[in-house]
Amino acid sequence: MRNREATQLIFELSQPGSGEEYLPAVGVSEVELASLLPAEELASHLPPLPEVSEPVLIRHFINLSQQNMSVDTHFYPLGSCTMKYNPKRNDRLAQLPGFQNLHPYQPEDTVQGLLKALHCLQEMLAEIAGMDAVTLQPAAGAHGELTALLIAAAYFRHRGEHRNTVLIPDVAHGTNPASAAMAGFRTVEVKSNAHGLVDLDDLQGKLNHQTAVFMITNPNTLGLFETQIRRIADMVHEVGGLVYMDGANMNAMLGIVRPGDCGADMMHFNPHKTFSGPHGGGGPGAGPVAVKKHLADFLPIPVIMERSPGRFVLDDNRPLSIGKVRSFYGNIGVLLRAYAYIRTQGPEGLSRVSQRAVLNANYLLSQVRNIIPVPYGTRCMHEFVASALKIKTSRGISAMDIAKRLLDYGFHAPTVYFPLVVKEALMIEPTETESKATLDAFVEVLRLIMQEPAELVHEAPHTTPISRPDEVQAARKPILKWTPVERSSAG
Amino acid sequence: MAYLPQTEHEVRAMLAAIGVPDVDSLFAAIPPDLRLKRSLNLRPALSELELTQHLEELASENQATHQFTCFLGGGVYDHFIPAVVDFVASRSEFYTSYTPYQPEVSQGNLQAFFEYQTLITQLTGMDVSNASLYDGASALAEAVLMALGAQAGRRRVLIPENVHPEYRAVVSTYLQHVAADIVVLPAPEGVLQPQTLHHALEQGDTACVVIQQPNFFGCVESAGRLAEATHQAGAILIAVIDPISLGILRRPGDFGADIVVAEGQSLGLPMMWGGPYLGILACRETFLRRLPGRLVGQTVDRRGNRCWVLTLQTREQHIRREKATSNICTNQGLMALRATVYLAAMGPRGLRRVAEACFQKAHRLHRQLCEDAGFKPLFSAPFFKEFAVQAGSSDEVAALLEGAEHEGFFAGLPLGRWYPQHGDAFLIAVTEKRTEQEMDHLVTILNNLRQTR
């Protein structure tokens, strides 16, 4: 099925002279470039971009698209990524010309409709978080983490406190320690206990007057709710630290429990997960940050405010602000989809989203654990982590083998080898938008795979366009761009 | 149509299989005193029709650039987007997939990102490009961090005042907790004078110099001479560029930039009031291991087929955690795809034509305003598609822009917000979309407004 347009790179399909004309001739009286620009700053030749006709271009990219699995085509239980179905209305409405064609520097009075939606989104996120103030500016979850940690640093600086340590559980996403390092903090890892939750003794031993922030993902990456969260927050607050909640897994708790009520001082949302922004092959996301009142003055500028009833402004005059974390105001296209999603769910709908996400995950857990052991817990929140360790030991079939074999059956693989505390981890998050029939089919395929000859599973996938790429070679001799083949002069 | 696919019957069957009486029992791990005892205080749910009417109404309360004529720039431009860009980017298989963790079922994304990386190197003349970052401003902050990392012991970061003010603000935010000193260089004539840079470099200790080509005021810098001076002092040159300008101007790789940063919005992304955008970051091979973000590399599969994978991941947060080159997780996938399709669709001659149209039209309007209508240009330096003109005072700037707005024109960007010394000036950008009629109309409006004052 793979034709030339799919296997060749756009550069190899290039036919000089075949480029499409998308623009008319310039149409104004022209002057010689060299008379108005310094000769040494002019290009001596055109950039060597490919030249393709429109039919070739379309056939190439549509063929490429067909080599992807996606939520619209396949079950995609990639743990911690919340690959739920995105209602199409949200995409259509976010692309209304009255939103899409707005320049970020046009006067405030000409974008009041948009500001009204964004201001309302700030308020809705604050309510869902159980917090007081929100910035929509960060471009992604990791960017939200960085923003929140800079807010924490500014808060302590303002109070004249020197705190340089961020505590992070060993099951946390890698972005947590990386964000802490970028914000100038030293990181200390906190161990998990035998139940997969934060080890309170270990935490207690590591908390001190140097502690700035404890970052916690709740539910954690094992899909478990940190039952001691209130106690943890109290412990951190007792030494004068702040609690940051990574909102990556908010899909489990909308309208059921609020981070602010658990003692968190700040958190970020992932609208591209929880509020159904499309994942776009890796982005764009967004990373709004919600904070309690004592941190509100430190939010990035500008903040959208309702100055008088129905009149919205961008407030730049905030002397304690950490400044700007990106240009302009945020990933508006993603935020509008989040707004549309929350408005169509309403309070009951949002709670039902989490109930169904947790129901689906627990149903899948109840079936999968009969096939592959799930080391932590008989119940979970939105996701759970199975371990292929036993079958690895007995038959040599690894988590990666199972993941690859699932692809043959038309299922995207779970997240593998994360979190690190589970050996041969398969992290499975079904989300609320999968039917029982899909989950049952997935379980049947898992059962089948376990009975298949080991070699067959080792060599999977068998039906995909490619199989088991050599990643070692890719890293050892990096080829990061296409280069034209040198023509031999000897002919 | 239901968003949630489970029927009540199925829900009961699932609960029975789990062995709990009701859905609420699944939340037993949450201490009761932490549970929210009420509904969220949100407005009731809207149907799709009601949502559509609501958002159409909000959209209509904005004055968008399809109703207004846009001469606004400052890093975001009203360029034409060919239909193929929207068409490809709206394919579900691109739109609803995620980071290519499973290369066997992600070759479409991986190959597209490999093509993106190649196109960016072709466009900029650099050795390598990553698979994209959030936006131009955060890409610059990442580039400065790369340069500081490569120049251990050197602390100074030189940035002229004609680099985008918001980019400079973001760099300051990112460097708050880094041992570095940002030195802002004056550029009273619009461009950075090579002797100003020479002088600043004489003090030593400079890790990197940031220039913007064309700069925030639209002026074309003596990039080659600035690169030479930077390298003589052993510093790294970071160039912020406008991708469209490379249809005319010398590529940063050819004038000596070591790291190149750009906002990719011009390459087929809607303006969308500031995002999502595309952070372009490319560099010389020397800095490869310091690059932040995703990288796609070519390899072969077990059957010997050429294919693509995420590579050099030991730079990244999921492996290196606190020692990673950055905290960034994914790239800006869909936006990178848009830029890929745009560049492939335009090709070298299409890019040249866009650049020439911007250049010629901007210069026509400049002649009309400054030679015929008597506006004074703020700077005399050569420019590409954007230029600043002076009015009598900041009040007059406000009155002109407001008056033009009443006539359906976003006539320009007042500079006083960032440059008090230029409070009497505003910045005008002209893209290939602007017509002779629109420009003539703008000149008439501004003339009339001036005369009635």
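Trainee: Before we start, what counts as a nonpolar core here?

Mentor: A nonpolar core is a set of buried Ala, Val, Leu, Ile, Met, Phe, Trp, Tyr and Cys residues joined through C-beta atoms within 7 Å. Keep in mind that this is a predicted model.

Trainee: OK, so which residues touch the most other members of the largest one?

Mentor: That core has 322 residues, and A:Ile151, A:Leu426, B:Leu140 and B:Val144 touch the most other members. Helix H12 of chain B, residues 333-372, gives the most to this core, with 20 residues.

Trainee: And what does B:Leu140 touch?

Mentor: Leaving aside residues up to four places away in sequence, B:Leu140 touches B:Tyr167, B:Val170, B:Val171, B:Val210, B:Val240 and B:Val261.

Trainee: Switching to the interface, how many residues of chain A are in contact with chain B?

Mentor: On the chain A side there are 168, in contact with 163 residues of chain B. Helix H12 of chain A (residues 332-368) gives the most to that side, with 21 residues. By class, the chain A side has 88 nonpolar, 51 polar and 29 charged residues.

Trainee: Backbone now. Which peptide bonds in chain A are cis?

Mentor: A:Ile301 to A:Pro302 is cis, with omega near -5°, and A:Pro302 sits in the loop between strands S7 and S8 of chain A. A:Phe418 to A:Pro419 is also cis, with omega near -5°; A:Pro419 is in the loop between strands S11 and S12.

Trainee: What about phi at B:Met272?

Mentor: Phi there is near 45°, a positive value in a residue other than glycine. Most residues other than glycine have a negative phi.

Trainee: Is B:Met272 buried or exposed?

Mentor: B:Met272 is buried, because 25 other C-beta atoms lie within 10 Å and the cut-off is 20 or more.

Terms used:
Residues numbered from 1 in each chain as written. Chains lettered and ligands numbered in written order. Predicted model: local features only at pLDDT ≥ 70, side-chain atom pairs only at ≥ 80, totals over all residues. Contact = placed C-beta atoms within 7 Å. Helix = DSSP H or I, 4+ residues; strand = E, 2+ residues; numbered from the N terminus. Nonpolar A, V, L, I, M, F, W, Y, C, P; charged D, E, K, R; others polar. Buried ≥ 20, exposed ≤ 12 C-beta atoms within 10 Å, placed from the backbone.
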